[in-house]
Amino acid sequence: MRSVALTVVALAASGALAQAEDAKPTFTPTEIKAPFIEQFTEDWSERWTPSEATKKTPVGGETFSYVGEWKVEEPLIQIIEGDVGLVAKSKAAHHAISAPFAEPVDFKEKPLVVQYEVKYQKGGNCGGGYLKLLEDGFQTSGKEFSDTTPWVIMFGPDLTCPGTKIHFIFRHQNPKTGVFEEKHLKASPKPSIEKLAGLYTLIVNPDNTYEILINNESLKSGNLLEDFDPAVNPPAEIDDPEDKKPEDWVDTKRISDPDASKPEDWDEEAPYEIVDTEAEKPEGWLDDEPLIIPDPDAEKPEEWDDEEDGDWIAPTVSNPKCAEAPGCGEWKPPMKANPAYKGKWYAPMIDNPAYKGEWAPRKIANPDFFEDLTPVRSLSKIGGVGIELWTMTEDILFDNIYVGHSTDDAKALATETFDIKKSLEKAKKATDDDEDEEEESFREDPIGFIRSKIFTFIDLLKLDPLLAFKTHPETGVALVTALLTLFGMFGVVTGVVGSQQKPVTKSTKKVDAPKSDEKKKTEAAPVSDEKKDEGLKKRAGK
């Protein structure tokens with residue numbers, strides 16, 4: 001029965017596979033509300049402004065323009081019908097684009113949640129994928145947005161060639177001097193850059209804690225006061241720049257023993273190896289045979305001209321006699337380790353009686369010291385978001401940007417968009433990579449192939465039924481069809497479906513075939529209405 005069921009499932013799945021192959025979910029704009037959500041709908045150009053600013057190198061002279069082209073278009077591999085994203089189109093170019101918020105975002109009392117998708121559609125090759133949360137007041141910059149535009153937080157992946165890293169940098173203002181200083185996360189996580197969509201989430205809380213998630217997985221968390229370089233707060237004490245190490249200060253911890261002397265029997269000239277005088281020449285050693293001989297099979301080429309080319313010399317080959325013997329040529333005894341070898345003599349090391357320890361300048365109060373125990377509350381309000389980067393990779397796609405205060409809303413947005421997209425992308429990638437192998441596997445073992453598909457679907461069904469049917473529609477349809485078929489077969493066998501009829505018993509008595517006259521009479525005999533009614537009643541009452 002089990003083999004029959006698997007066969008039915010296999011047949012149903014193979015039939016449904018082609019029908020559901022092109023089924024795609026359709027993009028629907030989210031109804032989630034936040035200070036800023038961007039899904040690049042038709043009115044996106046009313047919010048975003050490409051930069052037309054120029055940019056100078058740190059050494060000056062050479063000037064670059066933000067000539068990188070931006071487009072809102074479908075991904076190269078379309079997974080969700082109608083879904084589009086903002087794409088940095090140009091290779092080896094500077095790109096810059098920005099969008100202001102309707103109202104500045106203040107996260108002194110509420111968490112700051114930043115989340116967005118980025119996809120390196122043509123793979124990673126030296127290119128940024130990070131966002132800049134721009135300082136309130138930049139809104140007047142517009143087309144002049146550049147690398148010098150003040151920002152509050154920079155967050156996202158960067159292919160640094162070689163290697164990758166996640167930037168998390170914030171600009172903190174020194175309360176004494178008013179100067180802004182960048183604080184970089186010291187041990188940032190390293191993402192795996194691929195051609196699939198990646199989801200990057202940053203949560204910064206008013207209590208100075210933070211968390212970084214990649215594809216909904218928490219990879220880094222900590223405190224702004226502890227994990228950044230340079231530290232938010234300078235040290236209370238610093239080395240005295242005027243203090244100098246005394247000339248007589250001894251900081252050599254160990255010295256050679258001045259009282260030690262080389263032993264009289266210590267021979268520094270004794271060699272490391274000596275000839276093994278006890279070795280004997282192996283029997284069969286061919287003293288008169290050379291290791292290399294002229295090739296006896298070689299012949300002078302017909303076109304060789306001795307007058308022009310010189311005397312012809314046959315190429316050499318290994319002497320075949322030496323391969324059969326222990327060795328050829330002059331025999332020499334081998335070398336062995338010299339038991340009298342001691343090498344150069346050095347005096348042993350002892351503690352230095354004059355050692356005073358490692359010298360360090362004395363500490364003085366830091367004249368620039370300050371203490372900011374709530375750096376999050378000191379950060380400026382955010383007035384918008386910008387993307388400003390240099391890349392050697394074209395077609396980097398940004399989508400589903402969320403800037404707000406709710407981790408639940410950010411997760412809900414990811415559920416509506418990224419979770420579906422990622423699952424479908426993985427399924428498609430696996431299908432594309434394994435298509436030839438799967439076809440061969442199906443031909444070799446169709447039952448095993450379909451069984452594997454079913455088990456994969458069931459595992460996903462346990463986690464998320466809706467996602468299981470979206471990512472594996474052909475398997476879901478086939479499985480439902482197969483189950484209905486099995487229920488129908490079970491019903492027929494047990495009598496649940498249809499009536500149970502009485503068995504017809506054939507008589508073993510031989511009955512002569514009716515004669516032709518009798519047959520005609522039987523065919524012509526009328527049937528009474530009473531008998532017709534009786535037959536109807538019997539059928540109605542079954």
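## Salt bridges and surface: worked exercises

Lys262 has a relative accessible area of 39%, which makes this residue partly exposed. The model you are looking at is predicted, so let's work through it together, one step at a time.

**Exercise 1.** Find the salt-bridge partner of Lys262 and classify that partner by its accessibility.

*Solution.*
- Step 1: Look for a carboxyl oxygen within 4 Å of the side-chain nitrogen of the lysine.
- Step 2: Glu268 fits, as its closest N and O atoms with Lys262 are 3.8 Å apart.
- Step 3: Glu268 has 29% relative accessibility and therefore counts as partly exposed.
- Step 4: Elsewhere, Glu73, Lys89, Lys122, Glu394 and Asp395 are joined into one network by salt bridges that share partners.

**Exercise 2.** Decide whether Glu117 and Lys421, which form a salt bridge, are buried or exposed, and state which elements they link.

*Solution.*
- Step 1: The closest N and O atoms of Glu117 and Lys421 lie 2.7 Å apart.
- Step 2: Glu117 belongs to strand E8 (residues 112-120) and Lys421 to helix H6 (residues 418-444); with their positions 304 residues apart, the pair links distant parts of the chain.
- Step 3: Buried means under 20% relative accessible area.
- Step 4: Glu117, at 2%, is therefore buried, and Lys421, at 5%, is buried as well.

**Exercise 3.** Describe the salt bridge between Arg254 and Asp351 in the same way.

*Solution.*
- Step 1: Here the closest N and O atoms are 2.9 Å apart.
- Step 2: Arg254 sits in strand E18 (residues 254-256) and Asp351 in strand E23 (residues 349-351), so the bridge ties together parts 97 residues apart in sequence.
- Step 3: Arg254 is partly exposed at 43%, whereas Asp351, at 55%, counts as exposed.
- Step 4: To place these pairs in context, the structure holds 28 salt bridges.

**Exercise 4.** Identify the residues of the nonpolar surface patch and the helix that gives the most to it.

*Solution.*
- Step 1: The patch is formed by Phe469, Val480, Leu483, Leu484 and Phe487, with about 510 Å² of accessible area together.
- Step 2: Helix H9 (residues 473-494) gives the most, with four residues.
- Step 3: Phe487 is found in helix H9, and its 60% relative accessibility is why it counts as exposed.

**Exercise 5.** Summarise the protein chain as a whole.

*Solution.*
- Step 1: Count the secondary structure: 11 helices and 26 strands.
- Step 2: Of the 542 residues, 34% are buried.
- Step 3: The accessible surface is about 34,200 Å², and carbon and sulfur atoms hold 52% of it.

Key: Residues numbered from 1 in each chain as written. Predicted model: local features only at pLDDT ≥ 70, side-chain atom pairs only at ≥ 80, totals over all residues. Heavy atoms only, no water. Helix = DSSP H or I, 4+ residues; strand = E, 2+ residues; numbered from the N terminus. Buried < 20%, exposed > 50% of the residue type's maximum accessible area, 1.4 Å probe, protein only. Areas by Shrake-Rupley, 256 points an atom, 1.4 Å probe, with all protein chains shown as cover. Patch = residues over 30% accessible without salt bridge, like charges linked within 9 Å, V, L, I, M, F, W, Y side chains within 5 Å.
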